[in-house]
Amino acid sequence: MVRESGDRRPVLTVFGSANMDLVATVPTAPALGETVTGTAFRTVPGGKGANQAVAAARAGGVTHMIGAVGDDEFGAEMRAALDASGVGTGGLRTAEGASGIAHITVDGKGANSIIVVPGANATVTGLAPEDERRIADSDALLLQLETPMEGVIAAARAARAHGTRTVLTPAPTQPLPPELLDAVDLLVPNEHEAADLTGERDPHAAARALLALVPEVVITLGARGSLYAARGAEPVTVPAYEVEAVDTTAAGDTFVGALCTAYGEGVAMPEALAWASAASALAVRRPGASSSMPTRTEITAFRQRTTTQRTTTQRTSAP
Ligand code: ADP
């Protein structure tokens, strides 16, 4: 069972990116040199690091973010959005210049093209002394690859040195240096990233290949759920919840944030994975990335409702 109120809350530190997503909706994406008239525009705080931090905080983790925003309006907005979600921003530096942005065009068929300009994220190349303390005091460190690799390696090494569990989302996909892999406890790619990393399309084969690199792997499979594999144990498949998906942006980030919260509370992996599936199912039912992430109360209520439904169905269908 995931914690009842009153138990100790897990402490999580997220080291990674914060981007402002600039989303333009167009009937058809412009060709080179062409101008088209769009139908809508919105700015939404995003970036894999900030998304995982918001997901973890909403799921009930005491969450800190280490990263950087620029000294522009987007930076102030992103910091305020993290503060409002209960994420500790003491480790979020304000760098001179522009914040990171993702310029996203979504066409009438829902297909998108994206330009990412890292801005302040490019300055996240190492740790300040207080960052090391934050990592040392955490149950888990959550990493992704939208900030420079040297900083990610420094954070992972600090976690390893202090016995903090390290969870890496290997996105965007790139070669993973051995210095990083040596300090990773759990790798959480989606099925495309797992295939890119291993050359194996079959998730079970990809998981086996990844276990040669890290002790534990979760491959997320979209609406098909997730696959958990650990060295020396039988792999476990966790189904996704059947929901009507409206927007799957940041499903994986919601999943990782919720998973680390549950696991940090001492919940066994299969139950923590089921809880993370519930969190991401709730997120895909609503539009938006960080704004769609569910709170702990919502996740627990959804789990109880669906568990009761399942038990009732099993009872009714039993001979
Ligand atoms: P990413 O967002 O990184 O590509 P996935 O698409 O694999 O990651 O989604 C992560 C998790 O979110 C899945 O393991 C699943 O639990 C949940 N999820 C994603 N899409 C759906 C969906 N259409 N219906 C229900 N759950 C979903």
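How far does a polar side-chain atom of asparagine 190 lie from an oxygen atom of the ligand? In this model, which I should say at the outset is a predicted one, the separation between that asparagine 190 atom and the ligand oxygen is 3.0 Å.

Let me stay with the ligand for a moment. Threonine 220 also takes part, with an N or O atom of its side chain placed 2.8 Å from an oxygen atom of the ligand, while glycine 252 contributes through its backbone, a polar atom of which is 2.9 Å from a ligand oxygen. On its own the ligand would expose 550 Å², and the protein buries 84% of that area.

Turning to the whole shell, 16 residues surround the ligand, and the closest of them are Asn190, Thr220, Gly222, Gly225 and Gly252. By character, the shell divides into 9 nonpolar and 7 polar residues, with no charged ones. Two helices, helix 8, spanning 251-264, and helix 9, spanning 269-284, each supply at least two residues of that shell.

Helix 8 deserves a second look, and here I would bring in its packing. Two packed helices are described by the angle between their axes and the distance between the axes. For helix 1, residues 48-58, against helix 8, the angle is about 45 degrees and the axes are 7 Å apart; the two helices are therefore oblique to each other, and helix 1 passes helix 8 in a right-handed crossing.

A second pair can be described in the same terms. Helix 6, residues 191-198, packs on helix 7, residues 203-211, at an angle of about 60 degrees, with 9 Å between the axes, which makes helix 6 oblique to helix 7. The crossing of helix 6 and helix 7 is left-handed.

Finally, I would point to two places in the backbone. Most residues other than glycine have a negative phi, and most peptide bonds are trans. Alanine 250, in the loop between strand 13 (236-238) and helix 8, has a positive phi of about 65 degrees, although it is not a glycine. And which form does the peptide bond from alanine 171 to proline 172 take, with omega near -5 degrees? That bond is cis, and proline 172 itself sits in the loop that runs between strand 9 (165-168) and helix 5 (178-181).

Note on methods. Residues numbered from 1 in each chain as written. Predicted model: local features only at pLDDT ≥ 70, side-chain atom pairs only at ≥ 80, totals over all residues. Heavy atoms only, no water. Near = heavy atom within 4 Å. Polar contact = N/O pair within 3.5 Å; in protein donor to acceptor, adjacent residues only side chain to side chain. Areas by Shrake-Rupley, 256 points an atom, 1.4 Å probe, with all protein chains shown as cover. Helix = DSSP H or I, 4+ residues; strand = E, 2+ residues; numbered from the N terminus. Nonpolar A, V, L, I, M, F, W, Y, C, P; charged D, E, K, R; others polar. Axes fitted to C-alpha atoms, helices over the stretch in contact; angles between N-to-C directions. Parallel < 35°, antiparallel > 145°, perpendicular 65-115°, else oblique. Left-handed = near helix turned anticlockwise from the far one by under 90°.
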